[in-house]
Amino acid sequence: MRKAERSWPLCGRIKQQKRLEMAGLWKPLGMPGGKIWILLGFILMVLVFTGCGKGPVKEPETRIGTVPDKNLIVVGVSQIGSESVWRTANTASIQSVFTQENGYFLIFKNARQKQENQIKALRSFISQRVDYIVFSPITERGWDTVLQEAKEAGIPVILIDRKVKVRDSSLYTAWIGPDFFNEGRMAGEALEECLKKQGRQDENIHIVVLKGTEGSTSAIGRTTGFSEIAQTHENWNILEQVDAEFTTAKGQEEMERLLRKYETIDVLISQNDDMTFGALEAIHEAGKTAGEDGDIIVISFDAVKNALKLVEEGSITADVECNANQGEYIEEVIRKLENHKVVPKLNFVPEEVFTKENVRERLEEDEQ
Ligand code: AHR
């Protein structure tokens, strides 16, 4: 029903061009004089594809335009950015599912780590009257107004990965993502295991924590989950918990600072693999070793392939998985909604913890 009502701005623009053409105010491509537009378009394409803008190479953003088939379900996705290897895998999972072959028309927007860009993207999806809005909110707060606008437009909103804190939970239809709180607890339990194995369970243990983006569900959940376990051990001393924004560069910078500041660090809890890669660099540069048999026990989150290799090799003691393959779960929810079925409000994706004991199997699965 919504599809028939949908009005596409580009269609409007084409009608407008026809009117101007009839009035002799605009010439379409292919007509004499239109050649100048072809030339300008060609120059623009060369500039874009040769990266003459000097900035980072841009990811293909969107496929905005006229929908080729009105039976396609139009899904607007606002992704946080490309801050981590995990995020790239999450994006790939979404893009591989919402294809035209599967019956979807995907409009994808990368917010480049800015909430204001996400709000803009959501508003553009609303004005284009997409069938569904899917988005991963960078932080939990500040969404009431734009989600109210989506509700008034009758567009179901599906949250993925992170959650929102809103006054009215009917502002979104469903959430699909990881149990971050449990991930934090699993990291704490992995540390308990490791210290027990080493016979250090009663020793004074000095811990530093590299946290992800301030205010994000993943950082909040992992911090509170780990703290809950830490509180049950009087000998676990959390020296500092610092925001390293889920990036390798910040992870390295903060770990360098922590290593200069504290003489003894026994454990690093790093809330994602990208920060861990940076922190490992800092540990090596400081002349220290990482791992169960080294100076600093490292526990990480995400379980991306290159980190799992480090689990096998021993410098990461445990890696708590954050399941990036959410595309198929999102699609399942949309399919149910299309068939007028009730969907659960909260949908957790499965995840596990990898240590030297079980990591080979996952690496082999990934290689297939
Ligand atoms: O919200 C999920 C987290 O965001 C992942 O752990 C991290 O790598 C990403 O950037």
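**Note on the predicted model**

1. Ser127 is exposed, because only 12 other C-beta atoms lie within 10 Å of its own, and a residue counts as exposed at 12 or fewer. The residue belongs to helix α5, which covers residues 115–127. Its C-alpha atom is separated by 8.8 Å from that of Ala153, a residue 26 positions away along the chain.

2. The structure under discussion is a predicted model, and its confidence should be stated at the outset. The mean pLDDT of the chain is 87, with 82% of the residues at 70 or more. Over residues 1–60, however, the pLDDT is below 50. Beyond near neighbours in sequence, this stretch has 31 contacts in the model.

3. As to the overall architecture, the chain contains 13 helices and 12 strands. Of its 368 residues, 41% are buried. When contacts between residues at least 6 apart in sequence are considered, 73% of them join residues at least 24 apart.

4. The ligand is surrounded by 14 residues, of which Ser84, Trp86, Ser218, Phe246 and Asn272 come nearest. By character, the shell comprises 6 charged, 4 polar and 4 nonpolar residues. Two elements, helix α4 (85–97) and strand β9 (297–302), each supply at least two residues of this shell.

5. Where does the ligand lie with respect to domain 2 and domain 3? Domain 2 consists of residues 73–178 together with 325–351, and domain 3 of residues 180–322. Both domains give residues to the shell, so the ligand lies between them.

6. The largest nonpolar core has 49 residues. Within this core, the residues with the most contacts are Ala187, Val267, Leu268, Ile269, Ala279, Ile296 and Ile299. Helix α10, spanning residues 273–285, gives the largest share of the core, namely 6 residues.

7. Ile296, one of the residues with the most contacts inside the largest core, merits separate mention. Leaving aside neighbours within four places in sequence, Ile296 is in contact with Ile265, Asp266, Val267 and Leu268, and also with Ile283, Lys288 and Ala290. Among these partners, Val267 and Leu268 are themselves listed with the most contacts inside the core.

8. A second core, separate from the largest one, has 42 residues. Its members include Val67, Phe105, Ile155 and Leu159.

Technical notes
Residues are numbered from 1 along each chain as its sequence is written. This is a predicted model: local features need pLDDT of at least 70, side-chain atom pairs count only at pLDDT 80 or more; totals for chains, interfaces and linings use all residues. A residue is near a molecule or strand if its C-beta atom, placed from the backbone, lies within 6 Å of it. Helices (H or I, at least four residues) and strands (E, at least two) are DSSP runs, numbered from the N terminus. Ala, Val, Leu, Ile, Met, Phe, Trp, Tyr, Cys and Pro count as nonpolar, Asp, Glu, Lys and Arg as charged, and the others, Gly among them, as polar. Domain bounds come from an automatic or database domain assignment. A nonpolar core is a set of buried Ala, Val, Leu, Ile, Met, Phe, Trp, Tyr and Cys residues joined through C-beta atoms within 7 Å. A residue is buried if 20 or more other C-beta atoms lie within 10 Å of its own, exposed if 12 or fewer, and partly exposed in between; C-beta atoms are placed from the backbone. Two residues are in contact if their C-beta atoms, placed from the backbone, lie within 7 Å. pLDDT is the predictor's confidence in each residue, from 0 to 100.
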